[in-house]
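The following questions and answers examine how one protein chain is put together. Please keep the sequence and the model in view while reading.

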Amino acid sequence: MHSEWSWDAPGGSMEGACARAVALGLPAIAFTEHVDHTVWTVASGDLDPGGFLAGLSAPDGSLTPPGFDAQGYLEAIERCRERFPSLRILSGLELGEPHWHAEAITKVLGTGRFDRVLGSLHCLPEGAGFAEPPGLFEHRDAGEVVRGYLEEVARLIAGSEAFSVLAHIDYPVRHWPRERAGVFDYSAFEEEFRHALRVTAQSGRALELNTRLPMHATLVRWWHEEGGQAVTFGSDAHGPADIARRFREAAHMAEAHGFRPGRNPYDLWARVD
């Protein structure tokens with residue numbers, strides 16, 4: 001299993017994350033740094049006024065992601081490998097909307113070796129720009145947002161070969177407007193989830209079990225039924241305290257649905273029929 005960490009995240013350091021991983025007894029950790037190119041409009045009140053992202057937003061509400069410092073990132077990885085020799089440290093990226101930014105993504109991947117590359121979808125088209133689910137839920141039908149997200153996931157899979165793991169397929173569920181729309185019902189979106197999982201499985205990619213929410217067992221069952229061959233674990237940690245959060249529960253869930261760990265602690269968990 002592995003955890004995730006943003007290497008230059010405010011409030012922590014890569015070394016701090018490694019120290020936490022060692023203290024927890026983790027055999028490996030993957031630093032899947034965010035690499036985003038989509039400029040999106042931020043939902044009202046969605047950013048901490050003093051936070052890192054607030055400093056990147058413009059008066060009109062648009063947010064431009066920072067550039068990726070590949071050299072600094074890879075140097076930090078090597079420092080940690082030297083300082084924590086007992087910990088297997090994987091380099092990695094989480095590519096946001098890579099099917100929309102093929103040329104830029106190719107340049108990033110050419111800057112070095114990355115052991116674990118995830119693809120993710122954070123935004124959907126909104127008018128002439130883009131917006132994340134929190135902003136979309138403010139004025140769109142909630143079910144429409146989720147269905148649109150899953151349709152775009154399928155286009156993400158078809159439109160990019162730059163990544164090997166699909167991250168947080170349930171991303172919009174994190175922001176589901178429960179007060180207005182009630183408790184999220186996975187069965188109401190079974191067809192859409194299954195389609196996205198099926199095309200992901202057919203592409204040969206693995207599915208990330210992101211433990212921030214955490215992922216619902218129904219999705220893991222559907223993944224297995226739709227032919228998924230492997231899973232990986234991501235704690236979506238942006239601070240040492242969140243490293244490997246809920247991994248024990250996620251591992252039990254994966255085992256219950258037919259997935260087992262590989263020979264090495266950094267391997268994907270493979271399907272066992």
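Two strands pair if DSSP finds at least two bridges between them; strands (E, at least two residues) and helices (H or I, at least four) are DSSP runs, numbered from the N terminus. This is a predicted model, in which local features need pLDDT of at least 70 and side-chain atom pairs count only at pLDDT 80 or more, while totals for chains, interfaces and linings use all residues. Residues are numbered from 1 along each chain as its sequence is written, and side-chain values use heavy atoms, with hydrogens and water left out.

Q: In which sense do strand β4 and β5 pair, and over how many bridges?
A: Strand β4 covers residues 88–96, and strand β5 covers residues 116–120. Within this pairing, Leu93 stands opposite Val117 in β5. The two strands pair in the parallel sense, over five bridges.

Q: Which handedness does the β-α-β unit of β4, α3 and β5 have?
A: Helix α3 spans residues 102–109 and contains Lys107. A crossover is right-handed if, with the strands pointing away from the viewer, the path from the first strand over the helix to the second runs clockwise. The unit made by β4, α3 and β5 is right-handed.

Q: Is Lys107 buried or exposed?
A: Buried means under 20% relative accessible area, exposed over 50%, and partly exposed in between (1.4 Å probe, protein chains only). Lys107 has a relative accessible area of 57%, and therefore it is exposed.

Q: How many of the residues of strand β5 are buried?
A: Arg116, Leu118 and Ser120 point one way from β5, whereas Val117 and Gly119 point the other way. Residues on both of these sides are buried. For the strand, the count of buried residues is five of five.

Q: Which residue in β8 stands opposite Leu118?
A: β5 and β8 pair in the parallel sense over two bridges. Leu118 belongs to the group in β5 that includes Arg116 and Ser120 and points one way. Its opposite number in β8 is Val165.

Q: Which element gives the most residues to the largest nonpolar core?
A: A nonpolar core is a set of buried Ala, Val, Leu, Ile, Met, Phe, Trp, Tyr and Cys residues joined through side-chain atoms within 4.5 Å. The largest one has 68 residues, of which Phe31, Ile89, Ile169, Phe193 and Phe233 touch the most other members. With nine residues, the element that gives the most is α5.

Q: How many residues make up the second, separate core?
A: Its members include Leu118, Val165, Ala167 and Ala230. Leu118 and Val165 also stand opposite each other in β5 and β8. The size of this second core is five residues.

Q: Which residues does Ser160 touch, not counting those up to four places away in sequence?
A: Ser160 lies in the loop between α5 (142–159) and β8 (165–166). Its relative accessible area is 7%, so Ser160 is buried. Contact means heavy atoms within 4.5 Å, and the residues touched are Pro98, His99 and Arg205.

Q: What is the distance between the closest N and O atoms in the salt bridge of Glu225 and Arg194?
A: A salt bridge is a side-chain nitrogen of Lys or Arg within 4 Å of a carboxyl oxygen of Asp or Glu. Glu225 lies in helix α8 (residues 217–225) and Arg194 in helix α7, so the pair ties together parts that are 31 residues apart in sequence. Arg194 is buried at 15% relative accessible area, and Glu225 is partly exposed at 44%. The closest N and O atoms are apart by 2.6 Å.

Q: Which residues are joined into one network by salt bridges that share partners?
A: Arg194 also meets Glu190 in a salt bridge (2.8 Å, N to O). Arg198 and Glu226 meet in another salt bridge, again described by an N to O distance of 2.8 Å. Arg198 lies in helix α7 and Glu226 in the loop between α8 and β10 (230–234), 28 residues apart. The network consists of Glu190, Arg194, Arg198, Arg221, Glu225 and Glu226.

Q: What is the geometry of the aromatic pair of Trp176 and Phe184?
A: Rings of Phe, Tyr and Trp (its six-membered ring) pair if their centres lie within 6.5 Å; planes under 30 degrees apart count as stacked, over 60 as edge-to-face and the rest as tilted. The structure holds 14 aromatic pairs. For Trp176 and Phe184, the values are 4.9 Å centre to centre and 85° between the planes, and the geometry is edge-to-face.
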